[in-house]
Amino acid sequence: MQLQLENLLSYPYSEEHFEHTELKPRYKVDLRNPRNEEWERFIDLGYVRDWSLLSWKDVGKPYRVENYANAKLEWEKEHGQTLPVKMSWEMFNKSFHEWFEKDVPTELSETGKSFWRAMARFDFQEVKTALSDYIQLSVWNYAHRISDGIWDPRGKRALFQGLDVEKPRILFLGAAEGYEGMQLYSMYPGGEVVLVDYDEYCKTHRFGDFPESYPFLGYNPETGSPRVWYKNQMKIEYIVDDIRNLNFGPEFDIVISVGLLEHFPDEMKPEVLEWHRKFLKPSGYVIMTTPRHHVKTRLFYTIMEEVMNHTYRELMTVTQMGLYLYENGFDILRHGTIKVHNGIVAKVR
Ligand SMILES: C[S@@+](CC[C@H](N)C(=O)[O-])C[C@H]1O[C@@H](n2cnc3c(N)ncnc32)[C@H](O)[C@@H]1O
């Protein structure tokens, strides 16, 4: 009885919830069926047919985000040096994770009340703080909860579909909470996901606190029918280490990164792309996404600068992203956009 109750709490969704969507206080549940094309949200921009004809003169270089979180600027002022890269990731991961933990409707309501209380006292400093908190919360509410743009399960499912793999070994570089590794496992179950991040906090908190009851829509390998998967039902290994220290051979069917390439300036991009190539089986797939250069994403990184901007960051178009991959020896199978990211599926040329 006790066990049944625990299972019900950890695994609250099943076949009867297909097509179901629901707004939770912290995130959205979206179990719309992957076979129903109209729900898929990967816009395949197959407009570049021959990448060899493109040049940087045609496509331009990515936009660089140069407004930073005060925490980074203050550290640099105090220490008289640039914030070390790994430390900047540690600051980012802590700050970003706090937002995934927020009960957004409750916080919005509390912040609204603080605003009016401060107005009644003519405390304009407090009014300013409450207003700024309210704007950030509203942006987060829309970006993460209402539009589900950060996890974007429909977009990711559409981007990941159609890979010729069975029980794949999946390597996720710079995995943070590992969301996309878990989505891939659900769609191609039975293998293994290896998550790698050099920030210990990602293993203990970002992945560790990831809700066990979050449903990933995928497949049942025995029946080929859709099925809901949960974090605890997947084979996942979390390695806390620098990607540069990994000593795997070319043994993975899929190597994925989500929001990694744009954090390295051009002189380092070949090395980052090499990380994706070196652990891949010859027939394997590389899947990469990066935030899109779009007026909405620029606005997001402006309003949310205190939460997000601790590291070097670029915003690029899918064509710019594709050119980096093509120039560094990848053949692009599919390129397009999901909600707020570009997405590319590629193979080594
Ligand atoms: C921007 S995050 C990826 C986006 C992620 N989906 C999120 O929600 O934050 C990039 C991650 O890569 C990790 N990372 C960056 N460089 C790394 C390296 N050399 N080795 C291991 N992890 C690295 C960072 O710690 C960070 O957690």
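These are my notebook entries on the ligand shell, the domains and two helix pairs of a predicted model.

**Entry 1: ligand shell**

I began with the residues around the ligand and found 16 of them. The closest are W89, G174, A176, Y198 and G259. I then asked which elements give two or more residues to this shell. They are α4, residues 85-100, and β6, residues 192-197. The largest share comes from α4, with three residues. By class, I noted nine nonpolar, three polar and four charged residues in the shell around the ligand.

**Entry 2: domains**

I looked up the domain assignment of the protein chain next. Domain 1 is made of two stretches, 2-56 and 151-348, while domain 2 covers 103-146. I wrote down 32 Å between the C-alpha centres of domain 1 and domain 2. How many residues does each domain give to the contact? Domain 1 gives eight and domain 2 gives 10. On the side of domain 1 that touches domain 2, I found six nonpolar and two charged residues, and no polar ones.

**Entry 3: α5 and α6**

I turned to helix α5, residues 104-120, and helix α6, residues 124-146. Their axes lie 9 Å apart, and the packing angle is about 160 degrees. The cut-off for roughly antiparallel is an angle over 145 degrees, so I entered α5 and α6 as roughly antiparallel to each other. The crossing of α5 past α6 is left-handed.

I listed the residues that make this contact. From α5 they are V104, E107, L108, T111, G112, S114, F115, A118 and M119. From α6 they are E126, V127, A130, L131, D133, Y134, L137, S138, W140, N141 and R145. Sorted by class, the contact of α5 with α6 has 11 nonpolar, five polar and four charged residues.

**Entry 4: α7 and α8**

The second pair I checked was helix α7, residues 153-160, with helix α8, residues 179-187. Their axes cross at roughly 55 degrees and come within 10 Å. Why did I not enter this pair as parallel, antiparallel or perpendicular? Roughly parallel needs an angle under 35 degrees, roughly antiparallel one over 145, and roughly perpendicular one from 65 to 115. The helices α7 and α8 are therefore oblique to each other. I recorded a right-handed crossing for α7 and α8.

On the α7 side of the contact I found P153, K156, R157 and F160. They meet E180, Q183, L184 and M187 of α8. The class count for the contact of α7 with α8 is four nonpolar, one polar and three charged.

Terms used. Residues numbered from 1 in each chain as written. Predicted model: local features only at pLDDT ≥ 70, side-chain atom pairs only at ≥ 80, totals over all residues. Near = placed C-beta within 6 Å. Helix = DSSP H or I, 4+ residues; strand = E, 2+ residues; numbered from the N terminus. Nonpolar A, V, L, I, M, F, W, Y, C, P; charged D, E, K, R; others polar. Domains from an automatic or database assignment. Contact = placed C-beta atoms within 7 Å. Axes fitted to C-alpha atoms, helices over the stretch in contact; angles between N-to-C directions. Left-handed = near helix turned anticlockwise from the far one by under 90°.
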